[in-house]
Amino acid sequence: MPTDSSVLSSSLSVSDHPLLQPLNIGGLTIENRLMVAPMAGVTDNPFRRLCKSFGAGHAVSEMIIADTALYARKKSLYRANFDNEIAPISAQIAGAEPDKLAEAARYQVDNGAQIIDINMGCPAKKVCRKLAGSALLQDEDLVARLLDAAVNAVDVPVTLKTRLGFENGQENILRVARRAEQAGIAAIAIHGRTREDMYTGEARYELIREVKESISIPVIANGDIDSAQKAQRVYELTGCDAVMIGRAAQGQPWIFRDIEHFLRTGESHAAPSVGEIKDIVLAHLQELYDFYGEYSGCRIARKHIAWYTTGIPNSNAFRQAMYGEESTAGQFRVVEDFLHAHE
């Protein structure tokens, strides 16, 4: 794939690229159309704020199960923490019972959420076993009742995150999207795979384009967007209103800066030096320690450190040693020493 401005449409002024313009979602203004996909165990408060600092216009919280018995659990309290976050704040909820989903929506609005996002895309077995996430796509009547319940429960915009369908050959995203618009859903984000695909193969964008052409609410394209050039390509293929980046932001939250720079100038942004990465990682670690505390902070930071250091010489041996650190101070020190040695 070309890596220069040749991938940009000749009729499009890069400084005025549509993906860099504000987006209206239910009366709320998103600064630009580069979004962070909700990812369980990843898109917590520190990570959302970090991605926004690198130019993401919007970030959705980790999935919160619609069950009042879980609200007070420590993990749920962390997931529903929006302190110091750049507005508008979006909380994702998941569930298979309309009454509980409506209650969860109201709870999150009372908690500070300005947008409620419904998860109908998670392919994880533990979620699908409860007939939540992407498993819901097997029952379009239930989908409709859940959408109606959530939209009617709150006075803030409700959005939907979903997939092309549950099984290959049974893609029903066009019907689901039209029903979502009918229910009053303010925007729909579509991962270009079915639940059967999980994360294998390549995302398919042609159905996202069909959805975009068939409904009037904003359509957000998601799946395999791992570079600035790919973001532009997906925009061209789908005509989407925004792009949503998930796994590619793990260990490189600066991808949003890269995309913005490319769309604005037609040129690739220079990769960060190890020194720059060190500063980013250490600041992120401190945020995680402050947010989660000593025990959880140390353990949650491990996956982020692994992502950040992938590709750096001797990183495999370093990660094995890092995993053995049981304190935040020890972990911070070994990370700092390792990255300093590679500056």
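## Surface, core and selected residues of a predicted protein chain

The protein chain exposes about 14,400 Å², of which carbon and sulfur atoms supply 47%. The coordinates belong to a predicted model, and every value given below is computed from that model. Of the 343 residues in the protein chain, 56% count as buried, and the secondary structure comprises 13 helices and 10 strands. Among the contacts in the protein chain with a separation of 6 or more, 68% are accounted for by residues 24 or more positions apart.

### Helix H7 and its cover

Helix H7 spans residues 206-214, and within this helix Leu207, Ile208 and Val211 are buried. Seen down the axis of H7, these buried residues fall within an arc of 105°, so they line one face of the helix. What lies over that face? The cover of the buried residues of H7 includes two helices, H6 (173-183) and H8 (228-238), together with two strands, S8 (187-191) and S9 (219-222).

### The cavity

Rolling a probe the size of a water molecule over the atoms shows where empty space is left. A search of the whole structure finds 1 cavity of 30 Å³ or more, and the largest cavity has a volume of about 90 Å³. Strands S4 (58-65), S5 (90-94), S6 (115-120), S7 (158-163) and S8 are the elements that give two or more residues to the lining of the largest cavity. Its lining is made up of 17 residues, and those nearest the centre of the cavity are Val60, Asp117, Thr159, Ile220 and Met244. By class, this lining has 11 nonpolar residues, with 4 polar and 2 charged residues beside them.

### Backbone features in loops

The loop between helix H2 (74-79) and S5 contains Pro88, and a cis peptide bond, with omega at about 0°, joins Ala87 and Pro88. Asn84 lies in the loop between H2 and S5 as well, and, although Asn84 is not a glycine, its phi is positive at about 65°. Asn84 has a relative accessible area of 72% and, because the cut-off for exposed is over 50%, counts as exposed.

A positive phi of about 65° is also found at Asn314, again a residue that is not a glycine. Asn314 is placed in the loop between helix H11 (294-309) and helix H12 (315-323), and at 60% relative accessibility Asn314 counts as exposed.

### Three residues and their surroundings

Val281, Asn172 and Gln21 illustrate contacts made in different settings, namely a helix for Val281, a loop for Asn172 and the segment before strand S1 for Gln21. The table pairs each residue with its accessibility and with one partner separated from it in sequence.

| Residue and relative accessible area | Partner and sequence separation | C-alpha to C-alpha distance |
|---|---|---|
| Val281, 1% | Glu336, 55 residues | 8.7 Å |
| Asn172, 5% | Leu137, 35 residues | 7.7 Å |
| Gln21, 32% | Leu34, 13 residues | 9.6 Å |

Val281 lies in helix H10, which covers residues 274-292. With a relative accessible area of 1%, Val281 is buried, and, leaving aside its neighbours within four places in sequence, Val281 is in contact with Tyr308, Val335 and Leu339.

Asn172 has its place in the loop between S7 and H6. Is Asn172 buried or exposed? At a relative accessible area of 5%, Asn172 is buried, because the cut-off for buried is under 20%. When residues up to four places away in sequence are not counted, Asn172 touches Leu137, Glu140, Leu164 and Gly165; Leu137 is thus a contact of Asn172 and also the partner listed in the table, 35 residues apart from Asn172 in sequence.

Gln21 is found in the segment before strand S1 (23-25), and a relative accessible area of 32% makes Gln21 partly exposed. Leaving aside its neighbours within four places in sequence, Gln21 is in contact with Asp16, Glu31, Asn32 and Arg33, while the C-alpha atoms of Gln21 and Leu34 are 9.6 Å apart in space.

Note on methods:
Residues numbered from 1 in each chain as written. Predicted model: local features only at pLDDT ≥ 70, side-chain atom pairs only at ≥ 80, totals over all residues. Heavy atoms only, no water. Helix = DSSP H or I, 4+ residues; strand = E, 2+ residues; numbered from the N terminus. Buried < 20%, exposed > 50% of the residue type's maximum accessible area, 1.4 Å probe, protein only. Contact = heavy atoms within 4.5 Å. Areas by Shrake-Rupley, 256 points an atom, 1.4 Å probe, with all protein chains shown as cover. Arc of directions from axis to C-beta. 1 Å grid on protein atoms, 1.4 Å probe; cavity = no way out; pocket = protein on both sides within 12 Å on 5 of 7 lines; lining within 4 Å. Points joined across faces, edges and corners; volume = space filled by probe spheres on them. Nonpolar A, V, L, I, M, F, W, Y, C, P; charged D, E, K, R; others polar.
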